[in-house]
Amino acid sequence: MADSASLKIGITCYPSVGGSGILATTLGEELAALGHEIHFISYERPFRLPSDTARIYFHPVEINSYGLFKYPDYTLPLSVKLAEVSRDHGLDLIHAHYAVPHATAALLARDMLPEHRRPKVVTTLHGTDTTLLGRDAGYGPAIRHALEAADGVTTVSAFLRAETQRLIGVKRPIEVIHNFFTPRLGVADDQFLLFHSSNLRPVKRVDLVLAAFAQVEPHTSKLLILAGGDFSAFQADVVRLGLTDRVIVRENITAIEDYLQAVDLGLFASESESFCLSILEAMAFACPSVSTSVGGIPEVIADGESGLLTPVGDPRALAAAATALLADPARRARLGAAAELRAREKFSAPIIVERYLNFYHAVCGAGTLRDGAGL
Ligand code: GMT
């Protein structure tokens, strides 16, 4: 183990959608935030693993397909990659999430290395690795061996520990460590979270969003950017404006609701915009926005009632509006409640979808499509 308190940890898990991979990813992020060095090893980057996080590295496992093999093998290339990463980065520990095949591959990796460079192996059982595969005669003995030979084993519930003992006959101690979830954007309880969401195209004026945010009180606010695309072109601005620790970027997020629940104020600097769906999405979560008054945005935000509008190209005005709302929680709450009501009453799915349907009917003429007259 390393002399200092910080560990070098390899994590292997399923990278696709699924609780075990999500838990492994979140655990890695939390550990990295605490100063540990985390190396993810899998056939793909775990889908929730953000890019460019300090102290987090991803090592892909390459899988070749050989004519002799009827079934492609992942376990051996994974074990070799785990051993390589362990050797090259001096891992203290490999944490295998979901026994098959990760626990076995981790053991192989450990055994491939010279004794003094062997990492410890911890396996976390997540569910069907015990309850389904554990009772499968083709897997059970291998899982039992991997668990008995690991340096530590955990399960995500007491239920799963009992099932592992009952079904697999594991005798060694098993630690129960439950799953966890805490919304974590690195925002302290007393900090405001401003929010910008867009496809980053030039009309969105992300440069002015950043310029405005740079003028908002630094200690009490962070800016979350949900980027529909590659944000890297703006990183130089982030650094130049001294915003490195204040801007949180998440690229190509589909589950935007998870984030919108946490935001306090939207920040939009578009120079052209026919509507701005992102403002509406925030409104639906009682989050008012400060935005440029352009195009159709005044139809979305009732200025002074459900948000604040400022002139185009004036980041100072945008910053002043944001600062005013951050300084006045009661007004911000009033605007947020009005924004939510406005979103529901004017722009919700039942209302707008019915408008489209009515319009289709009007365009088609009563019965036109059904009786085939229009074909
Ligand atoms: O075991 C599985 O079926 C897959 C696994 C996953 O990767 O999603 O799900 C299990 O692990 C999750 C994370 O620990 C648990 O929240 C799920 O309850 C568990 N699924 C089952 O036990 C069926």
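How many bridges pair S2 with S3, and in which sense do the two strands run? I looked this up before anything else, keeping in mind that the model is predicted, and found that S2 and S3 pair over five bridges in the parallel sense. Within this pairing I noted isoleucine 38, which stands opposite isoleucine 56 in S3.

I then turned to the other neighbour of S2. Strand S1 (residues 8–12) is joined to strand S2 (residues 37–42) by five bridges, and these two strands also run parallel. Following the register along S1, I found glycine 10 opposite histidine 39 in S2, and threonine 12 with isoleucine 41 of S2 as its bridge partner.

Next I stepped back to the sheet as a whole. It is an open sheet of seven strands with parallel pairing, and I wrote down the order as S3-S2-S1-S4-S5-S6-S7. The edges are strand S3 (56–60) and strand S7 (175–176), each of which pairs on one side only.

I asked myself why S2 is largely enclosed by the rest of the structure. Five of its six residues are buried, that is, under 20% relative accessible area, so the strand counts as largely enclosed.

For the helices on the sheet, I started with helix H1 (residues 19–33), which lies across S1, S2, S3 and S4 and runs at about 155 degrees to S2. Helix H2 also packs on the sheet, where it touches S1, S2, S3 and S4, and its direction makes about 160 degrees with that of S2. Tracing the chain from S1 through H1 to S2, I recorded a right-handed β-α-β unit.

My last entries concern the nonpolar cores. The largest has 33 residues, and those with the most contacts inside it are Leu78, Leu82, Ile143 and Leu147. At least two residues of this core come from each of helix H2 (75–89), strand S4 (93–97), helix H3 (99–112), strand S5 (120–125), helix H5 (140–149) and helix H6 (158–168). Helix H3 gives the most, with seven residues.

Which residues does leucine 147 touch, once those up to four places away in sequence are not counted? I listed Thr123, Leu125, Val153, Thr164, Ile168, Val170 and Arg172. Finally, I noted a second, separate core of 30 residues, which includes Ala227, Phe231, Val238 and Ala321.

Note on methods: Residues are numbered from 1 along each chain as its sequence is written. This is a predicted model: local features need pLDDT of at least 70, side-chain atom pairs count only at pLDDT 80 or more; totals for chains, interfaces and linings use all residues. Side-chain values use heavy atoms; hydrogens and water are left out. A nonpolar core is a set of buried Ala, Val, Leu, Ile, Met, Phe, Trp, Tyr and Cys residues joined through side-chain atoms within 4.5 Å. Buried means under 20% relative accessible area, exposed over 50%, partly exposed in between (1.4 Å probe, protein chains only). Helices (H or I, at least four residues) and strands (E, at least two) are DSSP runs, numbered from the N terminus. Contact means heavy atoms within 4.5 Å. Two strands pair if DSSP finds at least two bridges between them. Axes are lines fitted to C-alpha atoms, for helices over the stretch in contact, and angles run from 0 to 180 degrees between N-to-C directions. A crossover is right-handed if, with the strands pointing away from the viewer, the path from the first strand over the helix to the second runs clockwise.
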